[in-house]
Each structure stands twice: as structure tokens, then as C-alpha cells.
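Colleague: I'm new to this, so could you walk me through reading a protein model? Let's take it feature by feature.

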Amino acid sequence: MHRLIVLNLGQGELQHGFPTVTVQFWDAESTLMQFTGSLPAMPTLDILYQRWQILYESFYTHFTWRRQPQRHFPSVDPSFDIDEDDEVINISYVEFQEVCRELQTLFNTWLSANSFLTIERKLRTHLVPKDEICLVIVAPPNILNLPWCLWDFLSDYPHAEIALSPPNYARSLKTDTNRGEKNTKKQVRILSILGDSTGININQDQQVLEKLPDSAITFLIEPPSQQLNEQLWQSEWDMLFFAGHSSSQGKGCIQINSTETLTVEQLKYGLRKAIANGLKLAIFNSCDGLGLAHDLADLHLPQIIVMRLPVPDKIAQEFLKYFLAAFQKGKSLYIALREAREKLQGLETQFPCASWLPVICQNPAERPSTWLEWCGKTNSTQLLPDRRSLQKIILSSLIITLVIAGIRFLGLLSPLDLWAFDILMRLRTSENPDDRLLVVTVTSEDIQAQGLEPRFGSLSDTTLNRLLRYLEQHQPTAIGLDIYRDYPSQRPELVKQLQSQRLIGICKRPDAKDDPTGTLPSPEIPSSQLGFSDFVQDYDGSVRRHLLFMGPDTTSRCTAAYAFSTMLAFRYLYAKDIKPKFTPDDYLQLGQTIFPSIGARTGGYQSVDAAGSQVLLNYRAMRDPKAIAPRVTVKDIFNNKVNPQAIQNRIILIGIVDPSAGDYWSTPYGAGSSDKIPGVFIHAHMISQILSKVMDNRPLLWVWSSWQEIMWISCWSLMGGFIAWRFGKLLIIGAVISGTITILVGICWLLLNNGGWVPLVAPLLGLIFTNGTVVFLLLNEKD
């Protein structure tokens, strides 16, 4: 997570201390908190730093500098052993290292003062080691000269880096074409100034720059001042680079060729124009650049990288290579600089304090950008929201998830859940008909064709006897008679047919609401060959559940314990040597397959009547649910239009499809008068479900537990919040939400194809409402 901390030392000096030190802890460009402390006087630190600076320059006397030839040392304590030519006498590597350690120790002692430790402790309570931190030090120039990179605080935060800033800063003025404009460029525009190279090798810098990807570089090699000024005015630059000699003695200046030296003041108007046109970073890979940075700060340039002291040629070359390698890969400016700076430590046996030299000078009013943003490859490197936005997303998601879960628990979403379930059921991938079944339909034409034959129901005894005798001849595995016959037969031959071991008849259990008496079975059919024909209907009259068996009711006119479909499946599986049994939980088991009963709260059902043993009915997927199996009419059989092979070893279902019989039911395939299907086809789907699960391992419909469903809803709610945070424009948010809804529906459809009924409406509402809530909160925050 990106953090911006501004540590402002205020007015003061090392001789008298800093009485008011202020820290602003910024997160996502909003001030989260502010607290104060103080720093004591430490005059010995000032003296020791001056001594270290003299020793540093003396130690590097014989190295190649990127500094202008004039040399000037600050006034120091006269006790230092300096000769009349400003040369320190008898300096050695060991002595210099000892002074370096003394300086680091004394610097951290100063920052460990109790009055300042309160600031550090508060910072640590709000930071974690993985945070990416820019720690901007705002102080007078002499305090900014101190080696802040030595602060022990940084060692606990590997992604933190120090940046320096003068006390006064402001946001730079941009031209209309750059204000708020998203970068769509494909190449980074770099103006590279290769100044006077007397005594140094800046060709290495040029070679490093030329290897940068996605860049368009204009090289000015020892240019005259007029040419440089024209380039600053004419083009839009992302980065300004300088290599050569420079100095901060007095005014900061750069030597652009062998005869011209320019100060920032002399380039002020051109630089101001370049900044207004979008200049984001200036790198001065040259000596003693803090003076340059100080002067450039008055122009409000967003970021500057300089060397705080005279820098050996080798260090400048290696730093540029390390820094650009990290920065162009997408790392932030701070991480790239810290990585490059710490890599210089490998050269410190030859070049002591090399890792102290590079430093960022940051304008706290400007947001740091990245190489990838300059290329137009990304608008932001932030993959996760800041803490405040994350809190809003999580809290909104949690509240909305709990509200939706509560509404769902009360059953208020059940109609929508079942509506969505029906749609997905109709959209499933089509399956082949189940050829283990044959449906014999009794049409209105079949009924009328019987003429004046005496009958009490749809089929006369003569017609039914003829039909059953024909079917028996061709040896079906079972015959299911889905016709009520609560009266005795008038033909002895029919009595024999009704008592066949292959035949299963029906009766109806009483229903307190619709049928308080029920329907008696045919008196000729043995009770062991009866199954109840009852369907379980939902609030809208649709049949979505499969009642397998119920406890026997001795007071009922129908005492059958098993459903008609279950009895026929038993008869077919018995021929395959698969016999029913029950688990310790009283679940039906056929072979290795267990049929677990649903509970009162299952999927979209809340507080449903789950009496008996019910499973969800996984209708065989097909456009026309009546195409569940091959079907013929009674007329087709009597006219010998049915192949006997279509009867042998199959389950034969006989049922009425005449609308006047009233045996039409709503299903997920439709509830309108034209969409309802005869009950015989629903029995066929139920039989097919049992056989397909046991013999083909076709899945039953399954659901998640309540906690799993709540987690599912919360995930999509969080998704809605993250989309609101990640995409700024309402039009884009709407497009992404639409795509996300499509993905959600697709996942639910895919799972249902494999038997999984998971919530669709609840996560859809969570996604939309959380998205809208977070959009509202973020818009209010910006206002």
C-alpha cells in the first residue's frame, strides 16, 4: 500500500534544536492524521558532518569527479588538521570509515531523542513492513544535507525511501492539454543533455539511455544554450536528464559545454514551460546537485534526482544503470532509487559512502508517477485500495451481505430465486431422451375411439385389457399405470392383467388443502404393487421437487409408502440386481448411490415443507420436457405401429394426456396453459432421474450450506465494491458491472449443468448495491 509521510522540521537549527516537528501521514492523497514532536539541539552533529564532508572530498581527491573544477569548503572548526591548500593530512580509508560510523551513530542518536520517538512510535503503529513509503523531509537546506538515508527507521521498512523538500512547495501549473489528461502515449519522451565531458566518460550514460524500451530520446551533446532553451520550449517532455559537470557552490549550475555554464535562473522560463507541458522528473547525474534541486523546487517540478555531493564517474554510471533498470520495469520512483542506491554498496570498498549519494527531491504537492504510466500502459500501479477505501468497501459489502442474507432467510427472495432457477434450467445443454422408458399416451382421440363401450374412466375395461395384454406379450421390465381406477373391474381377464408382477398402479394420498380424502387404488392391484402419485408443488404450483417416499398413513385410503416413480425404478433396478436399502440417516440407497433428503432451507427454498423424503427434481435437459422418452399413443399400439423392441426390457408408462382429465402441471419449463405438461411425463422425469443417477452417475441437484451461500454472496458484494474503486468513470463502471453480471450468470449456469444450484439473485443484488454504495461514498469523499 502506498504511503506518503511528510516530516516537517519547521524553523530551527542544530545549535538550538527544532521545537516544532510536524508529521502529516497521507494516504491516497488525503491527510489521515497529523501529530507533532520536537528535536533537541545537537551542535556536535553539525561539526561532525562538516568534518566528514572535508574528509570525503579529500579521500576522493585522486578520483575522477563530475564536478566543476572550483572547490570550496565550508568553514569548520579550526581544530581540524587542514593545511593551507585545504588538504587534509594523512587521511586513510580506515580513518574515513571510522568517521562515517561516528556520523551514523550520532545522527541516529539525535533522532532517538524522547521528544521525537513519540513521532516514530505513532508512525510504526500505522505502518507494516510491506508498505511502500515515501518519507519526505521538509527542512532548511543545511539539514537536508545530512545523510537521512542512514536513519535506522528505514531498515525496518524495505520499501521506504527518503525524499527531500524545501519548506515551501505548491502544485505546478499545467497547460490545458495536460491538466487531468490520461496518458495515452506509447513512448516516454526524454530530453538528454550530455554536457562538458572533460575528464569524465558520459558515453556510458548515453548507452544506458539508448537501451530504454518504449522511449523517444533527444540527445543534446554539448549544446549551446540557445538550442537547449528551444528544446525546452518546443516539445512535451516526460523526463529531463543531464550528465556532465555541475556544482552547488553558490548558485547551482551545470556546464553544458566547454565554454558555457548555466544556472537554473538562466533556464527558468524554458523549464517552467516544460513543467507546464508535463515534465515529471529531472535527473542530474552529476556532482553536488542539492543546490540545483533547491533552485528547481521554486519552479514546482514534481521530482528531481541528484547526487548530494561530488560523485565519482564510476558511481554515476552504475547508479544510472541500476535505477533505470528498475524504474522502466514498473517499480515506483522510490523503490527504484532505493534499490539502485543499495546496490552501490557493492562498490563501497573502493568508493566509501557511494550509497549515501543519490537522493530524491520531492514536491509533496505532486503525485509521483511511474514509467508505465508515462508509456500509457497503465493508469495506476496500485493493485489494492488504500486503507480508507478498503474499509469502505469491506464495511459496505458486509452490511449489504447481511441485509440480503436476512431478507433471503425470511423467504422474501424465494420467488426470485425460483424464477432464476427456472430460467437456468431451460438454458441447460440438451440431453438425449431416456430410451429405458416408453410413454404410452391416452389422447382424446383414443378415448373417443372407444365408442359406446361401457367405462367409468378414461379407458374401458376392454380397451385397457387389450392394451395390457399386448404390452405383456413383449416382456417389458415394468408397466406403470398412471390412471386412477378406484372401482372394480368388470372383466375377469383384466383382473389377471392388473395382478401381473410387472404392473405398478397408483393411488393418491389425502391433501388437507386440495384433496382431503385422496383416491383409492384399483382393488385388483396388490398393495405391494402400488405407489402414490402425489407431486409436491411450490407456491406457484410448479413441480420442482421429487417425493421419493413417505411414512405409511394407516388412516389414509392410500397406504402406499413409495412414490409411483420410485416403485417403477425399484422394479427396473431389481432386474439389474440392485436392491434398495437405507442409511443410518434414513436416506434411500440404491447400490452405491445415496439420495439425501432436502431440509426446510435448501437453495432458494426457505422454510419449505420437506416432509417425507424429497430431493430436488433434476429434469432431463431438453427443449420440450415431453420429449423425455419415446412416446406412442394407444392408437399406434392397436394399429401395430410400434416396434416390439421399443417395449422389451423397458419401463412402460401409461397416462392420460387429454386436457379435460385435469392432469396437467406447471414445471420450470413453464406455468402457462400451453406450457403445462401431463403428469405422466413428470413421472417419466422422476424415474429417469433415479435410473440416471444410479446407472449413469448423472448428478442430482445439490446446494451449498447456508454459510457457503453467505460467503458466495459476500464475494460478489466485495467484487462490486472493488469495481467501484478501481474504475473511475460511471460509464466504465456500468460496462464492467454488466460484464461481471454476465460472468456470474455464466458460472451459475455452468454449475447447474453439473447439478449445482447456487444463489444467483442474492449475489447479483449484493454486487449492484455494494457497487452503488461505494460509488456514492467515493464521490462524496472527492467532493
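Modeller: Let's start with the labels: helices (H or I, at least four residues) and strands (E, at least two) are DSSP runs, numbered from the N terminus. Residues are numbered from 1 along each chain as its sequence is written, and side-chain values use heavy atoms, with hydrogens and water left out. This is a predicted model, where local features need pLDDT of at least 70 and side-chain atom pairs count only at pLDDT 80 or more, while totals for chains, interfaces and linings use all residues.

Colleague: Okay, let's try one residue. Where is the place of Ile525?

Modeller: Ile525 sits in the loop between strand E17 (503-507) and strand E18 (530-532). Buried means under 20% relative accessible area, exposed means over 50%, and partly exposed is in between (1.4 Å probe, protein chains only). Ile525 has a relative accessible area of 6%, so it counts as buried.

Colleague: And which residues is Ile525 in contact with, leaving aside its neighbours within four places in sequence?

Modeller: Contact means heavy atoms within 4.5 Å. By that rule Ile525 touches Leu498, Leu503, Gly505 and Leu530, once neighbours within four places in sequence are set aside. For a sense of distance, Ile525 and Pro167 are 102 Å apart in space, C-alpha to C-alpha, and 358 residues apart in sequence.

Colleague: Now sheets. How do strands of a sheet pair?

Modeller: They pair through backbone hydrogen bonds, either parallel or antiparallel. Here, two strands pair if DSSP finds at least two bridges between them. Take strand E8 (residues 239-243): it has strand E6 (residues 188-194) as a parallel partner over 5 bridges, and Leu191 has Leu240 as its bridge partner. E8 also pairs with strand E12 (residues 281-285), again in the parallel sense over 5 bridges, with Ala243 matched to Asn285.

Colleague: How many residues of E8 are buried?

Modeller: That would be 5 of its 5 residues. Both faces are covered, with Met239, Phe241 and Ala243 on one side and Leu240 and Phe242 on the other.

Modeller: Strand E5 (160-165) reads in a similar way: 6 of its 6 residues are buried. Ala160, Ile162 and Leu164 point one way from E5, and Glu161, Ala163 and Ser165 the other way. E5 pairs in the parallel sense with E4 over 6 bridges and with E14 over 2 bridges. Look at Ala163: it is the bridge partner of Val136 and stands opposite Ile360 in E14.

Colleague: What do the buried residues of H10 pack against?

Modeller: Helix H10 (residues 333-343) has 8 of its 11 residues buried, including Leu333, Tyr334 and Arg338. Those buried residues pack against a set of elements, among them E5, E12 and helix H9 (313-327).

Colleague: Is there an antiparallel or a parallel pairing in the sheet of E19, E20 and E24?

Modeller: Antiparallel: this open sheet of 3 strands has the order E19-E20-E24. E19 and strand E24 (613-616) are the edge strands, and each pairs on one side only. E20 and E24 are joined by 4 bridges, and Phe549 stands opposite Ser613. Helix H19 lies across E20 and E24, at about 65° to E20; for such angles, axes are lines fitted to C-alpha atoms (for helices over the stretch in contact), and angles run from 0 to 180 degrees between N-to-C directions.

Colleague: Last topic: empty space. What is a cavity, and what is a pocket?

Modeller: On a 1 Å grid over the protein atoms alone, a cavity is a set of points where a 1.4 Å probe fits but cannot get out, while a pocket is an open set with protein on both sides within 12 Å along at least five of seven lines; lining residues have an atom within 4 Å of a point. Grid points are joined across faces, edges and corners, and volume is the space filled by probe spheres set on the points. This model has 3 cavities of 30 Å³ or more. The largest holds about 110 Å³, and its 14 lining residues include Leu240 and Phe284, which are among those nearest its centre. E8 and helix H6 (225-234) are among the elements giving two or more residues to that lining.

Colleague: And how big is the second largest pocket?

Modeller: Its volume is about 1200 Å³. It is lined by 46 residues, and Lys508, Asp511, Phe535, Gln537 and Trp665 are the closest to its centre. E20 (543-549) and H19 (679-696) are among the elements that each supply at least two lining residues.
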